Amino acid sequence: MIRFCRPNGGGGNHGGEGEFGKEICCAVSADERERLEALIRKGKSPAQRLLKARILLKADVSEAGEGWSDSRIIKALETSVSMVYRVRKQLVEEGLEAVLSRKQRATPAVPRYLMARGRPN
């Protein structure tokens, strides 16, 4: 379950209002929480993926979550405001799988030389 929250007067301690002027509340399901915790526990994933998993666990506003504010997450995980905002936003808009996987490039960084010129005989 994922929900998008708009800032309310007091703000509370769920989510927090960052530089971007919007509050994005992230609530992950029990299955998603288990997956994130297992990912961190194993520690075999790329550092960026582990950081995103930690951000989501700290930002989670469900009963099992901590519901930390953006500023508290930034200080604890030593990351940037934009990183926390992007992770929250991507979870709400695209889902957990999109947050944890890398986006495919539309065009390769270096064009394939052999394929462009054909195979030599």
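## An all-helix chain

Read along the sequence, the chain follows the pattern α-α-α-α-α-α. That pattern comes from 6 helices and 0 strands. The model is predicted. The chain has 121 residues, and 35% of them count as buried. Its exposed surface comes to about 8500 Å². Carbon and sulfur atoms supply 49% of that surface. Take the contacts between residues at least 6 apart in sequence: 56% of them join residues at least 24 apart.

### The nonpolar core

Begin with the inside. The largest nonpolar core has 23 residues. Those with the most contacts inside it are Leu36, Ile55, Leu56, Ile73, Val87, Leu91 and Leu96. Which elements give two or more residues to this core? They are H1, H2, helix H3 (70-77), helix H4 (81-94) and H5. H2 provides the largest share, 7 residues.

Leu36 is a good place to look. This residue is found in helix H1. Is Leu36 buried or exposed? Leu36 is buried, because its relative accessible area is 0%, and buried means under 20%. Neighbours within four places in sequence aside, Leu36 is in contact with Ala53, Leu56, Leu57, Leu96 and Leu100. One of these partners, Leu96, lies 60 residues from Leu36 in sequence. In space, the two are 9.4 Å apart, C-alpha to C-alpha.

Leu56 carries the picture on. Not counting residues up to four places away in sequence, Leu56 touches Leu36, Val87, Leu91, Leu96 and Val99.

### A buried arginine

Next comes a charged residue. Arg33 is found in helix H1, which spans residues 30-42. Arg33 counts as buried because its relative accessibility is 11%, and the cut-off for buried is under 20%. What is Arg33 in contact with, leaving aside its neighbours within four places in sequence? The partners are Val28, Leu57, Asp60, Ala64, Gly65 and Glu66.

### Two loop residues

Now for the loops. Glu63 sits in the loop between H2 and H3. Glu63 counts as exposed because its relative accessibility is 84%, and exposed means over 50%. Glu63 and Val28 are 35 residues apart in sequence. Their C-alpha atoms are 9.8 Å apart in space.

Glu78 belongs to the loop between H3 and H4. Glu78 is exposed too, with a relative accessible area of 74%. Its backbone has a feature to note. Phi of Glu78 is near 50 degrees, a positive value in a residue other than glycine. Most residues other than glycine have a negative phi.

The table sets these four residues side by side.

| Residue | Place | Relative accessible area | Class |
|---|---|---|---|
| Leu36 | helix H1 | 0% | buried |
| Arg33 | helix H1 | 11% | buried |
| Glu78 | loop between H3 and H4 | 74% | exposed |
| Glu63 | loop between H2 and H3 | 84% | exposed |

### The largest pocket

Last comes the pocket. About 180 Å³ of space lies in the largest pocket. Which elements give two or more residues to its lining? They are helix H2 (47-59) and helix H5 (96-100). The lining is made up of Pro46, Gln48, Arg49, Lys52, Gln90, Ala98, Val99, Leu100, Ser101, Arg102 and Lys103. By type, these residues divide into 4 nonpolar, 3 polar and 4 charged.

Some names return here from the core section. Val99 is part of the pocket lining, and Leu56 touches Val99. Leu100 also lines the pocket, and Leu36 is in contact with Leu100. H2 and H5 each give two or more residues to the pocket lining, and both also give two or more to the core.

Notes. Residues numbered from 1 in each chain as written. Predicted model: local features only at pLDDT ≥ 70, side-chain atom pairs only at ≥ 80, totals over all residues. Heavy atoms only, no water. 1 Å grid on protein atoms, 1.4 Å probe; cavity = no way out; pocket = protein on both sides within 12 Å on 5 of 7 lines; lining within 4 Å. Points joined across faces, edges and corners; volume = space filled by probe spheres on them. Helix = DSSP H or I, 4+ residues; strand = E, 2+ residues; numbered from the N terminus. Nonpolar A, V, L, I, M, F, W, Y, C, P; charged D, E, K, R; others polar. Buried < 20%, exposed > 50% of the residue type's maximum accessible area, 1.4 Å probe, protein only. Contact = heavy atoms within 4.5 Å. Areas by Shrake-Rupley, 256 points an atom, 1.4 Å probe, with all protein chains shown as cover. Core = buried A, V, L, I, M, F, W, Y, C linked by side-chain atoms within 4.5 Å.
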